[in-house]
Amino acid sequence: MTPLPFDDYHALSDAECQARIRAARQQLGKEAVLLCHHYQRADVYQHADLTGDSLKLSRLAAETDSPHIVFCGVHFMAEVADIMSRPEQTAILPDLAAGCSMADMANLAKVERCWRELGEALEVEANFTPVTYINSAADLKAFCGEHGGIVCTSSNAGVIAQWAFGRRPKILFFPDQHLGRWTGHNMGIPLDEMRVWDPDLPLGGLTPNAINQAKILLWKGHCSVHQMFNKRQIDAFRARHPDGIVIAHPECSFEVCAASDHVGSTELIVKTIKEAPAGTRWLVGTELNLVERLAREVAPQGKTVQFMSDIICMCSTMQRIDPRHLAWTLENLAAGQLVNPIIVPPHEAKLAKLALERMLALR
Ligand code: SF4
């Protein structure tokens, strides 16, 4: 049997699409579980069985019993679900084009070249622990597994960095320079001991002396969504609302994090605002879908939640998981057809799992 063609779904109205998603879910029952990241669009998020940030979803993927894990997030998240789930389970990404622009800023060839070049400046395996943000491809997690390294998320980067420094004196952190810098700053590491490694320049654009003096090398990568926030937006908010509170995600630039009252993962942002006293006013620097959903949820308690940027900045790649792709995926599953499975090669999955399990063992 051939899969139902996606082209047939273009013409569906929004209402038809939603009705067909519900019908397919009912037919599938426990055969499929839907995991949704906080940044997911509302018309998909409403169907979630389980929601969370990357850390929470990686744990949930390991705990679910359903044979099919439909991941409404981006590619690296579905890879983690595949790695952490049991062999008989399948992770599915409704649109394979749902990638992460930050994850794409580092690849195995460039990280291996970096490792080689560092090896020319000093004894790399004795000096550097490689730490990859979970927002990275499975082969980079495998690289960390193989080289005594580890994975981190925005929730646990501090704990992970302490673990890494307990093994070797320096960290190579990829692909998000901002999370790495904020984490190092919170550990008391001066900014001039955290140097940016530019993968497109020989020796990362650094001198051997600069590498020797650095505690953390920060890969030159960033999130295109979180780089849209700036200190001017915070200053304008504070001028208008002197009692307002600012909270930002650590993928934001250093100056945004430094100017915020709180910095933390999406889970921490949600928890902090939900637990805040009634009547408080918030400026939030993270993805728009999450901020709008949170604003609606806490409005009845008299809390005001405002998006940090004056222009729209959504995770456009995660937006690709739309109701049409979800309906197509679920109806194929209900018809016994598997579409868009995410399968990490076994040797890579084994090493990536090692790096993920080192992380999960820490908290
Ligand atoms: S918000 Fe940024 S880091 Fe997160 S998935 Fe989207 S592009 Fe990647």
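How much space lies in the largest pocket? About 330 Å³. The model examined here is predicted.

## The largest pocket

The lining of this pocket is made up of 31 residues. Nearest its centre lie Tyr39, Asn135, Cys223, Glu251 and Cys315. Two helices each give at least two residues to the lining: H3, spanning 54-63, and H4, spanning 75-84.

What classes of residue form the lining of the largest pocket? There are 14 nonpolar residues and 14 polar ones. Three charged residues complete the lining.

## The largest cavity

The model holds two cavities of 30 Å³ or more. The largest cavity has a volume of about 40 Å³. Helices H3 and H4 turn up here too, each supplying at least two residues of the lining of this cavity. Both helices also contribute to the largest pocket, again with at least two residues each.

The residues lining the largest cavity are Ser54, Leu57, Ser58, Ala61, Phe71, Phe76, Met77, Val80, Ala81 and Ile134. By class, eight are nonpolar and two are polar. No charged residue lines the largest cavity.

## The second largest cavity

The second largest cavity has a volume of about 30 Å³. Its lining consists of Ala161, Ile171, Phe173, Gly180, Thr183, Gly184 and Ile216. Strand S7 and helix H9 are the elements that give two or more residues to this lining. H9 provides the largest share, with three residues.

Which classes line the second largest cavity? Four residues are nonpolar and three are polar. Charged residues are absent from this lining.

## Strand S7 and a buried lysine

Strand S7 covers residues 170-174. Lys170 belongs to this strand. Is Lys170 buried or exposed? Lys170 is buried, and it has no salt bridge. The nearest side chain of opposite charge belongs to Glu193, 8.2 Å away. A salt bridge needs a side-chain nitrogen of Lys or Arg within 4 Å of a carboxyl oxygen of Asp or Glu.

What does Lys170 touch, once neighbours within four places in sequence are set aside? Its contacts include Leu122, Asn127, Phe128, Thr129 and Phe165. Also among them are Ile211, Asn212, Gln213, Ala214 and Lys215.

## A cis peptide bond

Next comes the chain just after the strand. The peptide bond from Phe174 to Pro175 is cis. Its omega is near -5 degrees. Pro175 sits in the loop between S7 and helix H9, which spans 177-186. S7 and H9 are also the elements that give two or more residues to the lining of the second largest cavity.

## Two positive phi angles

Leu203 is not a glycine, yet its phi is positive, near 50 degrees. Where is Leu203? Leu203 lies in the loop between strand S8 (194-197) and helix H10 (208-213). Leu203 counts as buried because its relative accessibility is 17%, and the cut-off for buried is under 20%.

Asn340 also has a positive phi, of about 55 degrees, although it is not a glycine. Its place is in the loop between helix H15 (323-334) and strand S14 (341-342). Why does Asn340 count as buried? Its relative accessibility is 15%, and a residue is buried under 20%.

Methods:
Residues are numbered from 1 along each chain as its sequence is written. This is a predicted model: local features need pLDDT of at least 70, side-chain atom pairs count only at pLDDT 80 or more; totals for chains, interfaces and linings use all residues. Side-chain values use heavy atoms; hydrogens and water are left out. Helices (H or I, at least four residues) and strands (E, at least two) are DSSP runs, numbered from the N terminus. Buried means under 20% relative accessible area, exposed over 50%, partly exposed in between (1.4 Å probe, protein chains only). Lys and Arg count as positive and Asp and Glu as negative; His and the chain ends are not counted. Contact means heavy atoms within 4.5 Å. On a 1 Å grid over the protein atoms alone, a cavity is a set of points where a 1.4 Å probe fits but cannot get out, and a pocket is an open set with protein on both sides within 12 Å along at least five of seven lines; lining residues have an atom within 4 Å of a point. Grid points are joined across faces, edges and corners, and a volume is the space filled by probe spheres set on the points. Ala, Val, Leu, Ile, Met, Phe, Trp, Tyr, Cys and Pro count as nonpolar, Asp, Glu, Lys and Arg as charged, and the others, Gly among them, as polar.
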